[in-house]
Amino acid sequence: MLRKDIIGLRFPVQLDGKGDLASLTGKKLEDADNKFLISIERGEIPWDGNKGTRLRELLHSKVANALVVQAIAFREATDVINTYNPRFRVVSTIPSFEDNLISISVQYVERAKVDPERRAVSIEVNR
């Protein structure tokens, strides 16, 4: 029996050059889904106010300590991934600072695999 790949929209949403919305499949779609979950602000989606993180809200308070930023990002990313995409587990968060911009790389693995491949998505938060 042939299995059709699940097709989803690219995040952030963009055009594919043919006048249609760009789509993804496989690991790229999973990465886009996780980036979407981590990137959106909690309460941003009217029909599901609990989906998303509070990263922007918490990091706008001018947190200067990289360890605190890393802990906040880890907690928020872990909460949203465990709730909405429990197939994955967050293993680390790595913040980097540039002027008024914080880039956060969230690394995660598949839970069910014995020796899982580390994958990462990055988001940027203005301070």
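**A first look at two helices and a sheet**

Helix 1 passes helix 3 in a right-handed crossing. Welcome to this predicted model, where a good place to begin is with those two helices and the open sheet that three strands form in the order 3-4-5. Helix 1 lies across strand 3, strand 4 and strand 5, while helix 3 lies across strand 3 and strand 4.

**How the helices meet**

- Helix 1 covers residues 26-39, and its axis comes within 9 Å of the axis of helix 3 (residues 66-84), with the two crossing at roughly 125°. That angle makes helix 1 oblique to helix 3.
- On the helix 1 side, the contact is made by Asn 34, Leu 37 and Ile 38, which meet Ala 77, Val 80, Ile 81 and Tyr 84 in helix 3. Sorted by class, this contact has six nonpolar residues, one polar residue and no charged ones.

**The sheet, strand by strand**

- The pairing in the sheet is antiparallel. Strand 3 and strand 5 stand at its edges with a single partner strand each, so one side of each has no neighbour in the sheet. From one strand to the next, the twist averages 20°.
- Strand 3 (residues 88-98) is joined to strand 4 by ten bridges. The hairpin of these strands has two residues between them, and there Asp 99 takes a positive phi near 45°.
- Eight bridges link strand 4 to strand 5 (residues 119-126).
- Ser 105 in strand 4 is a handy landmark: Ser 105 is the bridge partner of Ile 94, and the bridge partner of Ser 105 in strand 5 is Ser 122.
- Strand 4 (residues 101-110) has nine of its ten residues buried, so the rest of the structure largely encloses this strand.

**How the helices lie on the sheet**

- Helix 1 runs at about 30° to strand 5.
- Helix 3 runs at about 145° to strand 3.

**A closer look at Ala 32**

- Is Ala 32, a residue of helix 1, buried or exposed? Its relative accessible area is 7%, which falls under the 20% cut-off, so Ala 32 is buried.
- Which residues does Ala 32 touch, not counting those up to four places away in sequence? They are Leu 9, Phe 11 and Leu 24.
- Gly 8 is 24 residues from Ala 32 in sequence, and their C-alpha atoms are 8.9 Å apart in space.

Notes. Residues are numbered from 1 along each chain as its sequence is written. This is a predicted model: local features need pLDDT of at least 70, side-chain atom pairs count only at pLDDT 80 or more; totals for chains, interfaces and linings use all residues. Side-chain values use heavy atoms; hydrogens and water are left out. Buried means under 20% relative accessible area, exposed over 50%, partly exposed in between (1.4 Å probe, protein chains only). Helices (H or I, at least four residues) and strands (E, at least two) are DSSP runs, numbered from the N terminus. Two strands pair if DSSP finds at least two bridges between them. Contact means heavy atoms within 4.5 Å. Axes are lines fitted to C-alpha atoms, for helices over the stretch in contact, and angles run from 0 to 180 degrees between N-to-C directions. Angles under 35 degrees count as roughly parallel, over 145 as roughly antiparallel, 65 to 115 as roughly perpendicular and the rest as oblique. A crossing is left-handed if the near helix is turned anticlockwise from the far one by less than a right angle, and right-handed if clockwise. Ala, Val, Leu, Ile, Met, Phe, Trp, Tyr, Cys and Pro count as nonpolar, Asp, Glu, Lys and Arg as charged, and the others, Gly among them, as polar.
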